[in-house]
Amino acid sequence: MTVESENGYPHINAAARTVHIGGLTRSQLRQSLQTAGVALNAYAEELFADERFTTSDQPHTVETVELTVGELGFMDGAAAGELFKQANALGLAACPLELAPHLRLQYTDQPEGSAKRSVQHEAPHASITVASEPLSDRDDFPKGFYLRNIDGVLWLRGYRADAVHVWNAWDRFVFARKTEWQRNRHE
């Protein structure tokens, strides 16, 4: 994984990363996380157990951009639908769900967040949510993954949020850069 400063977005100094994904089955990916000592919460386990969570057969790279909700232009926060729409306008897209576990395995120097209990219904301090399409519209099913580092333990955690949940301006997201094929398809 490579990281660089990205200046292609207005008034944003976003972190760009190249993430290597694919080539592992879901169970192999889960085993890689376990071998690396990555902790998972019950929601992450639920996502891994779902048959709709698929992985790519072929290894490839995904160019990603990490930015805050505020950097997307929402200083008062926004719901996921608004975030995805604005990201799309900036040439960004949802990441494949399998990107989050691969990113967790490759991004091992994530700054630590506070181990104290997070505020309910808010993303934890120093966490990074990987923007991906949810497997289910049900509010009681996890919507995706986020990354966290607590007391030196790297976490891949699943989360629940309904469609009207407002993400705070300081919440961090990772989006994929649209490929040439995706850009041409939407024009």
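Buried here means under 20% relative accessible area, exposed means over 50%, and partly exposed covers what falls in between, using a 1.4 Å probe and protein chains only. By that yardstick S136 is buried, with a relative accessible area of 9%. S136 sits in the loop between β7 and β8, where helices (H or I, at least four residues) and strands (E, at least two) are DSSP runs, numbered from the N terminus. Its C-alpha atom is separated by 9.2 Å from that of R52, with the two residues 84 apart along the chain. This is a predicted model, so local features need pLDDT of at least 70 and side-chain atom pairs count only at pLDDT 80 or more, while totals for chains, interfaces and linings use all residues. Residues are numbered from 1 along each chain as its sequence is written, and side-chain values use heavy atoms, with hydrogens and water left out.

On to the nonpolar packing. In soluble globular proteins, nonpolar side chains tend to be buried together. A nonpolar core is taken as a set of buried Ala, Val, Leu, Ile, Met, Phe, Trp, Tyr and Cys residues joined through side-chain atoms within 4.5 Å. The largest such core has 26 residues, and those with the most contacts inside it are F48, L99, L103, V130, F145 and L156. At least two residues of this core come from each of β2 (14-21), α1 (26-35), α2 (42-49), α4 (99-106), β7 (128-130), β8 (144-150), β9 (153-159) and β11 (172-177). Apart from it lies another core, this one of 18 residues, including A14, F74, A87 and A123.

Helix α4 deserves its own mention. Since 6 of its 8 residues are buried, α4 is largely enclosed by the rest of the structure. The buried residues are L99, A100, P101, H102, L103 and R104; of these, L99 and L103 also appear among the residues with the most contacts inside the largest core.

Next come the aromatics. Rings of Phe, Tyr and Trp (its six-membered ring) pair if their centres lie within 6.5 Å, with planes under 30 degrees apart called stacked, over 60 edge-to-face and the rest tilted. A search of the whole structure turns up 8 aromatic pairs. One of them is F48 with F145, a tilted pair at 5.9 Å centre to centre and 55° between the planes. This pair links distant parts of the chain, with F48 in helix α2 and F145 in strand β8, 97 residues apart. Both F48 and F145 are buried. Y146 and Y159 form another tilted pair, at 6.5 Å centre to centre with 50° between the planes. Y146 lies in strand β8 and Y159 in strand β9, so this pair ties together parts that are 13 residues apart in sequence. Y146 and Y159 are buried too, and they belong to one aromatic cluster with F84, W167, F173 and F175.

As for charges, side chains of opposite charge can pair when their charged atoms come close. A salt bridge is counted when a side-chain nitrogen of Lys or Arg is within 4 Å of a carboxyl oxygen of Asp or Glu, and the count comes to 6. R26 and E51 meet in one of them, at 3.5 Å from N to O. Here R26 is in helix α1 and E51 is in the loop between α2 and β4 (60-68), 25 residues apart. E51 counts as exposed, at 64% relative accessibility. E45 and R30 form another salt bridge, at 2.7 Å from N to O. That one joins helix α2, which holds E45, to helix α1, which holds R30, across 15 residues. Both partners are partly exposed, E45 at 32% relative accessibility and R30 at 22%.

R172 pairs with E66, their closest N and O atoms being 2.6 Å apart. R172 lies in strand β11 and E66 in strand β4, so the salt bridge ties together parts that are 106 residues apart in sequence. R172 counts as partly exposed at 27% relative accessibility, whereas E66 counts as buried at 6%. With R17 added, E66 and R172 are linked in a network of salt bridges.
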